[in-house]
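Colleague: I am new to this structure and would love a guided close look at the contacts between its side chains. Could you take me through them slowly?

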Amino acid sequence: MVIIVGAGPIGLATAIELQRRNIPSKIIERGCLVNSIFNYPKDMTFFSTSERLEIGDVPFISHNSKPTRREALEYYRRAAESYDLDIHLYEEVQAINGEDNNFTVQTDKSSYEASKVVVSTGFYDVPKMMNVPGEELPKVKHYYDEAHAYAWQDVLIIGGGNSAVDAALETYRSHANVTLVVRKPHIKESVKYWVKPDIENRIKYEEIDAYFNSEVTQITPQEVTLKTPEGTKTISNDFVLAMTGYQPNFELMTQFNIALTNDAKRMPIYDEQTLETNRDGVYVAGVVCGGMDTSSLFIENTRIHAEHIANDVEDKLVIA
Ligand SMILES: Cc1cc2nc3c(=O)[nH]c(=O)nc-3n(C[C@H](O)[C@H](O)[C@H](O)COP(=O)(O)OP(=O)(O)OC[C@H]3O[C@@H](n4cnc5c(N)ncnc54)[C@H](O)[C@@H]3O)c2cc1C
């Protein structure tokens, strides 16, 4: 039995590849199926085309070339159902005890024996904090869901990537008074190519205020203070959407005895061919492999991990 921690796209893909080799697996997921995608902004469109998000050769047909969050939720439900995967939802893995071929995986509800463990926990559960006074106020959100709540409100959006730009455009079009604060001198090059001109034009025509080379220094219930190249500015504010990115749960990785690199990336240490970590019999899969570098690994370029891991498990599995 292989226990897979996390029912994201890559956890599902790994279970499918193991099944194809007649190796039983069980997925343990702390939330719902594909919990990260479920928590993306409600109206999000992927930057990948649908065939690049496919797993287990299940066709992903979407209405447009880039699928929506809702289509992806339906697709991954269908993929899990097609292979009749064994998935335990709303159960959190807390510890991996024991050793290779003889693990006990401890959850908040039960414990499971496993010969190998695959950790595919993603990076969407832990937001990168700004550590500024007022960040703990309830009006500050690190996850954006939909625009309606922000109509006729003064909304500050922090960040220059896809999440910040999508939130800025959607809230602006729902009658929010939007200010964008970006640390860098420009909007990120990686912003979806069909969206970038839109945000740049809204800024150019002063429909959205933007401060580049700037950052937030303080948040109070009715205002925010910004450090800009022109000096300190304090502006009226009702909501802050801090789209500052996310990071893997390093505490959990350390608790699993998975070693991390010493540099700023804090990547798990693993064999590039097999994805096995420093801890024998424990593998990493999916975007968690990138550590703090969350912008170079995606579904499209990590779904291959599933095959590599399944091949290695097949080679090594000792049938008890
Ligand atoms: C807004 C946004 C848009 C994106 N768009 C694209 C795109 O267009 N194309 C693309 O290829 N990629 C895209 N990505 C990146 C990629 O989709 C996601 O990061 C993807 O979900 C990664 O898949 P994963 O299986 O590695 O991890 P995840 O999907 O994050 O799955 C990890 C799962 O592990 C679970 N988990 C965590 N800890 C535990 C625990 N202790 N016990 C049990 N379960 C646990 C989580 O609840 C989660 O369901 C996007 C990311 C974001 C944030």
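Colleague: To begin with one contact, which side chain does K26 meet in a salt bridge?

Modeller: Happy to help, and please keep in mind that this is a predicted model. The partner you are asking about is D86: a nitrogen and an oxygen of the two side chains lie 2.9 Å apart in this salt bridge. K26 belongs to strand β2, residues 25–28, while D86 sits in the loop between α3 (69–82) and β3 (87–88), so the contact ties together parts that are 60 residues apart in sequence. The two ends also differ in how much of them is accessible. K26 is buried, at a relative accessible area of 15%, whereas D86 counts as partly exposed at 32%. Why is K26 called buried here? Because buried means under 20% relative accessible area, and the value for K26 is 15%.

As background, side chains of opposite charge can pair when their charged atoms come close. Your pair has company, since a search of the whole structure finds 19 salt bridges. Let me pick out a few of the others.

One of them joins E215 and R183, with 3.4 Å from N to O. Here too the pair links distant parts of the chain: E215 is in strand β13 (residues 215–219) and R183 is in the loop between β11 (177–181) and α5 (196–204), 32 residues apart. E215 is partly exposed, with a relative accessible area of 33%, and R183 is exposed, at 65%.

Helix α5 has a salt bridge of its own. D198 pairs with R202, and their closest N and O atoms are 2.7 Å apart. Both residues lie in that helix, four residues apart, which is about one turn of it. R202 counts as buried, with 15% relative accessibility. Elsewhere, salt bridges join up into a network that links E17, R20, R21, D57 and E314.

Let us go back to E215, as its strand leads us into a sheet. The sheet is open and consists of three strands in the order β13-β14-β15, with antiparallel pairing. Strands β13 and β15 (231–236) stand at the edges with a single partner strand each, so one side of each has no neighbour in the sheet. On average, neighbouring strands of this sheet are turned by 25° against each other, direction ignored. Four bridges connect β13 with β14 (residues 223–228), again in the antiparallel sense. Across from E215, in β14, stands K227. E215 therefore appears twice in our tour: its side chain meets R183 in a salt bridge, and in the sheet E215 stands opposite K227.

Now for the rings. A pair of aromatic rings is described by the distance of the centres and the angle of the planes. The structure holds eleven such aromatic pairs. Among them is the tilted pair of Y40 and F46, with 6.3 Å centre to centre and 55° between the planes. Y40 counts as partly exposed at 21% relative accessibility, while F46 is buried at 7%.

F47 and F298 make another pair, this one edge-to-face, with centres 5.2 Å apart and 80° between the planes. F47 lies in the loop between α2 (35–38) and α3, and F298 in the loop between β18 (282–284) and α7 (299–302); the pair links distant parts of the chain, 251 residues apart. Both rings belong to partly exposed residues: F47 has a relative accessible area of 39%, and F298 has 27%.

Y40 and F46 also belong to one aromatic cluster, together with Y124, Y143 and Y246. A ring can meet a charge as well: the charged end of R266 sits over the ring of F250, 4.4 Å from its centre.

As for cysteines, the search of the whole structure finds zero disulfides. C32 counts as buried at 14% relative accessibility, and C289 is buried too, at 0%.

Finally, here are two spots to look at in the backbone. V34, in the loop between β2 and α2, has a phi near 40°, a positive value in a residue other than glycine. V34 is buried, with a relative accessible area of 2%. N101 is not a glycine either, yet its phi is positive, about 70°. You will find N101 in the loop between β4 (93–99) and β5 (102–107), where N101 counts as partly exposed at 30%.

Definitions and conventions: Residues numbered from 1 in each chain as written. Heavy atoms only, no water. Salt bridge = Lys/Arg side-chain N within 4 Å of Asp/Glu carboxyl O. Buried < 20%, exposed > 50% of the residue type's maximum accessible area, 1.4 Å probe, protein only. Pairing = 2+ DSSP bridges. Axes fitted to C-alpha atoms, helices over the stretch in contact; angles between N-to-C directions. Phe/Tyr/Trp six-rings, centres within 6.5 Å; stacked < 30°, edge-to-face > 60°. Lys NZ or Arg CZ within 6 Å of the ring centre and 35° of its normal. Disulfide = S-S within 2.5 Å.
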